[in-house]
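Work through the exercises below with the sequence and the model side by side, trying each task before reading its solution.

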Amino acid sequence: MERKLAILTSGGDAPGMNAAIRAAAKIAKSYGFEVYGIKRGYLGMLNDEIFPMSERFISGIIDKGGTVLLTARCEEFKQAKFREIAANNLKKKGIEYLVVIGGDGSYRGANLLYKEHGIKVVGIPGTIDNDICGTDFTLGFDTCLNTILDAMSKIRDTATSHERTILVQVMGRHAGDLALHACIAGGGDGIMIPEMDNPIEMLALQLKERRKRGKLHDIVLVAEGVGDVMQIEKELKQHISSEIRSVVLGHVQRGGTPSGFDRVLASRMADKAIQVLDNEEGGVMIGLEKNEMVTHSLDEACSSERIKSIRKDYDLAVVLSR
């Protein structure tokens, strides 16, 4: 009997998801799988939005942002009775293999499908936040970082012209990776991330010292996990005399053409995912560690605290921002 495999994207969209969909579908077909797509993630699985994925459907999508399979939140999936309905929608079509492209919330749903219903699931980390343990980088992180760097270049023109301090809030949820990498790569002049202490007094002292040395502007990267950037601006104004503004980059960070790095990463991860499923394995996620494709159990991905040492990079960012 021909083996049947489905692909879905879940959670927040991330550049590179389409590249992963394309690669997973093409590689799975080369292994002899019949490939299906599921629209709107777990919500689509629950509503039986499952369809045979044609070559035409995946044609020309490698350079597109977002996800052609669409994505949606599904609170019902947290309940066992709804997961059973969703799993039965797969099984009645003979689908026993599943590729889930998404973040930690998507992994929790995938792990329950694997444990409760025996669906062989493999996860591909697709999130701009880079907050998944077991992988050095997630799909979309590099593209998002480059979007932030482009914004910083534009903001710097105004900051310099008006001799301002500008706080730039970037995404990342509870992770500071985007802010940290943007500070280093974009020549940031200060950084605030949730993984480290962020006393306003220390930041103010650093900015004052910059002014004494003739620096005309400051761009401070603030990860959203630190707190309300408007409140941070208000507190900072009590310590420094220079003019301060805040910029929230928001959802502009999510979209756009995926970078070459994200396209290659998506293709490599998809290739590894199909290899795992072809070996009749499941319940794992794909990761990139030391430039090698690795697997970790979904249990580990869902339950472990995020283990990423950022101290050295943080210290580097602080030194370079002076």
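**Exercise 1. Describe the second largest pocket by the class of its lining residues, its volume and the elements that build it.**

Step 1. The lining of the second largest pocket divides into eight nonpolar, four polar and five charged residues, where Ala, Val, Leu, Ile, Met, Phe, Trp, Tyr, Cys and Pro count as nonpolar, Asp, Glu, Lys and Arg as charged, and the others, Gly among them, as polar. The model is a predicted one, in which local features need pLDDT of at least 70 and side-chain atom pairs count only at pLDDT 80 or more, while totals for chains, interfaces and linings use all residues. Residues are numbered from 1 along each chain as its sequence is written, and side-chain values use heavy atoms, with hydrogens and water left out.

Step 2. The volume of this second largest pocket is about 350 Å³, a volume being the space filled by probe spheres set on grid points that are joined across faces, edges and corners. A pocket is an open set of points on a 1 Å grid over the protein atoms alone, where a 1.4 Å probe fits and protein lies on both sides within 12 Å along at least five of seven lines, and lining residues have an atom within 4 Å of a point.

Step 3. Of the 17 lining residues, M202, L203, Q206, Y314 and V318 lie nearest the centre. The elements β7 (190-192), α8 (200-212) and α12 (311-320) each supply at least two lining residues, and α8 gives the most, with six; helices (H or I, at least four residues) and strands (E, at least two) are DSSP runs, numbered from the N terminus.

**Exercise 2. Do the same for the largest pocket.**

Step 1. The largest pocket holds about 680 Å³ of space, and its lining counts 29 residues, with G11, R73, G105, S106 and R108 nearest the centre.

Step 2. Helix α5 (residues 104-117) contributes the largest share of that lining, six residues, and by class the lining has eight nonpolar, ten polar and eleven charged residues.

**Exercise 3. Explain why strand β6 is largely enclosed by the rest of the structure, and find its partners.**

Step 1. Six of the six residues of β6 (residues 165-170) are buried, so the strand is largely enclosed by the rest of the structure; buried means under 20% relative accessible area, exposed over 50%, and partly exposed in between, with a 1.4 Å probe and protein chains only.

Step 2. T165, L167 and Q169 point one way from β6, whereas I166, V168 and V170 point the other way, and all are buried.

Step 3. β6 runs parallel to strand β8 (residues 218-223), to which six bridges join it, with V168 opposite L221. Five bridges, also in the parallel sense, link β6 to strand β9 (residues 244-248), where R245 is the bridge partner of I166; strands pair if DSSP finds at least two bridges between them.

**Exercise 4. Trace the open sheet of seven strands.**

Step 1. The strand order is β3-β2-β1-β4-β5-β10-β11, with mixed pairing, and the edge strands β3 (50-52) and β11 (292-297) each pair on one side only.

Step 2. Strands β5 (residues 120-125) and β10 (residues 284-289) pair in the parallel sense over two bridges, G123 standing opposite M285.

Step 3. β10 and β11 pair in the antiparallel sense over six bridges, and E289 has E292 as its bridge partner in β11. Two residues lie between the strands of this hairpin, in which K290 takes a positive phi near 55°.
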